[in-house]
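Dear colleague,

Please find the structure below, handed over for your records. My notes on what was found in it follow directly after.

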Amino acid sequence: MIDRRPDFTNRFAEEGVDQAFLLPDQLDAFVNRCGENALPISGPRVITSGGFTSPATVESAVSCVTDRLTNIYTATEVNRTILIANHAGDPTEFAWLEPAPGAEVEIVDEEDQPSGEGQLRIRLSPGDCQGYVGAAPNEVFRGSWLYPGDLAARRDDGRIRLLGRADATIILNGQKRAAAPLEDAIRNQLAVSAVCLFSGQRRGGAAKIVLALESAAPPDEQTICAALSVLPSGHDVSVSCLPTFPRTTGGINKIRQEALRRMLFKKLDMNG
């Protein structure tokens, strides 16, 4: 079960939780709460998911919450752990996972050929879901593989990093790029609460990148320019800094990306 109560960190402390499964945003909340007032929890085992926990959050979590951190990736359709990584000292390695025992995964390009970066697919086992009730075969289930819709990259040592959803991309130099790694790099450099990148067009047709920052105080222009070095040069980039992004209510407080995109594009008179 996911605790969606806004004060879930206090409740964890009151109830003496010694093991927790936290979404990345919830781990952020834990770290922020510790910074305000240390929680009376000593070394709980924390499992997070998705590969999107930033190195800065991992480092902060180790210093004030626990070093017993495990990062896993799974999919509802298979109901088992597919990729896993345990914290072993280097926060930058926490996002690089290895296949769990018995799991077979591949990364393929748009032609379903093995690739170093592309879409992740999972070999189905007899106990996994083989399709959706009442639905015709689709792009999710193809032959003996599940395509959960996530982009990933594989290193030479076989470890895999999730890059984001296949539909969560931006267009750079005419090519689709996963937004999550770029957002993560910019967020770490600017030390802001959250970052969102969007690509679109001005009314006249010119391409434009929109960078949204969530921060009580905007970073200075020189720092922002340095952070934008992660993007290929030559792009028209508009930067908007907001004290808070539109978010869902509850303990997770997930960013409402579509609402944020619509708000910014309307302000900038852009096509989405």
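The structure holds zero disulfides, a disulfide being a pair of cysteine sulfur atoms within 2.5 Å. Two cysteines may be noted here: Cys 129 is partly exposed at 26% relative accessibility, and Cys 241 is partly exposed at 29%. Throughout, buried means under 20% relative accessible area, exposed means over 50%, and partly exposed lies in between, with a 1.4 Å probe and protein chains only.

This is a predicted model, in which local features need pLDDT of at least 70 and side-chain atom pairs count only at pLDDT 80 or more, while totals for chains, interfaces and linings use all residues. Residues are numbered from 1 along each chain as its sequence is written, and side-chain values use heavy atoms, with hydrogens and water left out.

Sheet

Helices (H or I, at least four residues) and strands (E, at least two) are DSSP runs numbered from the N terminus. Five strands form an open sheet in the order E1-E2-E3-E4-E5, with mixed pairing; two strands pair if DSSP finds at least two bridges between them. Strand E1 (19-22) and strand E5 (98-99) stand at the edges with a single partner strand each, so one side of each has no neighbour in the sheet.

E1 pairs with strand E2 (residues 45-49) in the parallel sense over four bridges, and Leu 22 stands opposite Thr 48 in E2. The side chains along E1 alternate: Ala 20 and Leu 22 point to one face and are buried, whereas Gln 19 and Phe 21 point to the other and are not. E3 and E4 run antiparallel and are joined by five bridges, with Thr 74 opposite Thr 81 in E4.

Nonpolar cores

A nonpolar core is a set of buried Ala, Val, Leu, Ile, Met, Phe, Trp, Tyr and Cys residues joined through side-chain atoms within 4.5 Å. The largest such core has 18 residues, and Ile 82, Leu 83 and Ile 122 have the most contacts inside it. At least two residues of this core come from each of E4, strand E6 (105-108), E7 and E11. E4 gives the most to this core, with three residues.

Contact means heavy atoms within 4.5 Å. With its neighbours within four places in sequence left aside, Leu 83 is in contact with residues including Ile 72, Tyr 73, Leu 97, Val 105, Ile 160 and Leu 162. A second, separate core of 16 residues includes Ile 186, Leu 211, Ile 224 and Leu 228.

Salt bridges

A search of the whole structure finds 13 salt bridges, each defined as a side-chain nitrogen of Lys or Arg within 4 Å of a carboxyl oxygen of Asp or Glu. One of them joins Asp 128 to Arg 80, with the closest N and O atoms 2.6 Å apart. Asp 128 lies in the loop between strand E7 (117-123) and strand E8 (141-142), and Arg 80 in the loop between strand E3 (69-74) and strand E4 (81-86), so this pair ties together parts that are 48 residues apart in sequence. Asp 128 is buried, with a relative accessible area of 7%, while Arg 80 is partly exposed at 24%.

Asp 184 and Arg 161 also meet in a salt bridge (3.5 Å, N to O). This pair links distant parts of the chain, with Asp 184 in helix H4 (residues 179-190) and Arg 161 in strand E11 (residues 160-165), 23 residues apart. Asp 184 counts as buried, at 13% relative accessibility.

In the salt bridge between Asp 157 and Arg 155, the closest N and O atoms are 2.8 Å apart. Asp 157 is partly exposed at 49% relative accessible area, and Arg 155 is partly exposed at 24%. Finally, a network of salt bridges links Glu 106, Asp 112, Arg 121 and Arg 142.

Helix H6

Does the span of helix H6 (residues 257-268) agree or disagree with what its 12 residues should give? The expected span is 1.5 Å times one less than the number of residues. For H6 this should be 16 Å, and its end C-alpha atoms are 16 Å apart, which agrees.

Within H6, Ala 259, Leu 260, Leu 264 and Phe 265 are buried. Phe 265 has a relative accessibility of 3%; its C-alpha lies 9.7 Å from that of Ser 199, although the two are 66 residues apart in sequence. H6 is followed by Asp 269, whose phi is positive, near 55°.

With kind regards
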